[in-house]
Amino acid sequence: MRKQQIKQLTRAEKRKLIEDRLRITPELSDRAIAMMLGVSPTTVGSVRRELSDKTVQNGQSDTNDYNWTKHPYLLAHPEILENISERSLRALKAPGVLDLMAQRGSKSPRYCQRLLYQMRKANKTASVKITEDDVKVFVDDIWDRPTSNKGRIR
C-alpha cells in the first residue's frame with residue numbers, strides 16, 4: 001500500500017488559516033494557535049499584528065465578559081483544544097457548553113451544544129394545562145345561535 005503524499009501548505013494558505021483562527025478566537029495565545037495549526041508562534045504573532053493594524057477584527061463576540069479559556073474544566077482537560085475544528089471551537093465558546101461538558105464529563109463541545117439546544121427547546125414548548133377553575137365565563141360570552149339540526153349551542 002502506497003502512502004499518500006501530504007501537500008504542504010503555501011505561505012499564503014498558512015496565513016489565511018491563522019487569520020481565520022484569530023477572527024474566531026482572538027483571546028487565545030499565539031503559542032496555542034500555533035500548536036493547533038502546526039505553525040510557528042512568531043508567524044501567528046505577525047499575522048495578529050497585521051490584523052490589528054488593519055482593524056479587520058470586527059464582528060467578533062465580546063469575550064471580555066466571559067473568559068472561557070479560564071474555565072476549570074478546560075484547564076483540567078487542555079487536550080480538548082488540540083486539533084479542534086472551527087465549529088467545535090465556536091460551540092465551546094457558547095454560554096453553558098463548558099458547564100454541561102463538565103457536568104457530563106464529555107469532551108465534545110458540539111454534542112453538548114446540541115444537548116443545550118434540545119433542553120432549551122423542550123422548555124419553550126412545555127404544555128400548559130387549563131382546568132375549569134382557570135376559566136371564567138361571563139353571561140355575555142354565552143349566547144344562542146343556530147347550528148345544525150341537532151339544536152342550539154347554549
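Visitor: Which residues of α1 are called buried, and what makes a residue count as buried?

Guide: In this predicted model, the buried residues of α1 are R15, I18, E19, R21, L22 and I24. A residue is called buried when its relative accessible area is under 20%, so each of these six names stands for a residue that falls below that cut-off. Across the protein as a whole, 27% of the 154 residues count as buried.

Visitor: What span does α1 have from its first C-alpha to its last, and what span is expected?

Guide: Helix α1, residues 11-24, has 14 residues and reaches 20 Å from its first C-alpha to its last, which is close to the 20 Å expected at 1.5 Å a residue.

Visitor: Why are α1 and α5 called roughly parallel?

Guide: Their axes come within 11 Å and cross at roughly 15°. Angles under 35 degrees count as roughly parallel, and α1 and α5 are therefore roughly parallel to each other. Their crossing is right-handed.

Visitor: Which residues of α1 and α5 meet, and how do they divide into nonpolar, polar and charged?

Guide: From α1, the residues D20, R21 and I24 meet E86, L89, R90 and K93 of α5. The residues of this contact divide into 2 nonpolar, no polar and 5 charged. Two of the α1 residues named here, R21 and I24, also belong to the buried residues of that helix.

Visitor: Why, then, are α5 and α7 called oblique?

Guide: The axes of α5, residues 86-93, and α7, residues 109-124, come within 8 Å and cross at roughly 50°. Roughly parallel would need an angle under 35 degrees, and roughly perpendicular one of 65 to 115, so the value for this pair belongs to neither class and α5 and α7 are oblique to each other. In passing α7, helix α5 makes a left-handed crossing. The contact is made by R87, S88, A91 and L92 on the side of α5, and by P109, R110 and Q113 on the side of α7. These residues divide into 3 nonpolar, 2 polar and 2 charged.

Visitor: Where does N83 lie, and how do you know whether N83 is buried or exposed?

Guide: N83 lies in the loop between α4 (72-76) and α5. Its relative accessible area is 69%, and exposed means over 50%, so N83 is exposed. Phi of N83 is near 55°, a positive value in a residue other than glycine.

Visitor: How many helices and strands does the protein have, and how do the elements run from the N terminus on?

Guide: The secondary structure comes to 7 helices and 2 strands, and from the N terminus on the elements run α-α-α-α-α-α-α-β-β.

Methods
Residues numbered from 1 in each chain as written. Predicted model: local features only at pLDDT ≥ 70, side-chain atom pairs only at ≥ 80, totals over all residues. Heavy atoms only, no water. Axes fitted to C-alpha atoms, helices over the stretch in contact; angles between N-to-C directions. Helix = DSSP H or I, 4+ residues; strand = E, 2+ residues; numbered from the N terminus. Parallel < 35°, antiparallel > 145°, perpendicular 65-115°, else oblique. Left-handed = near helix turned anticlockwise from the far one by under 90°. Contact = heavy atoms within 4.5 Å. Nonpolar A, V, L, I, M, F, W, Y, C, P; charged D, E, K, R; others polar. Expected span 1.5 Å × (residues − 1). Buried < 20%, exposed > 50% of the residue type's maximum accessible area, 1.4 Å probe, protein only.
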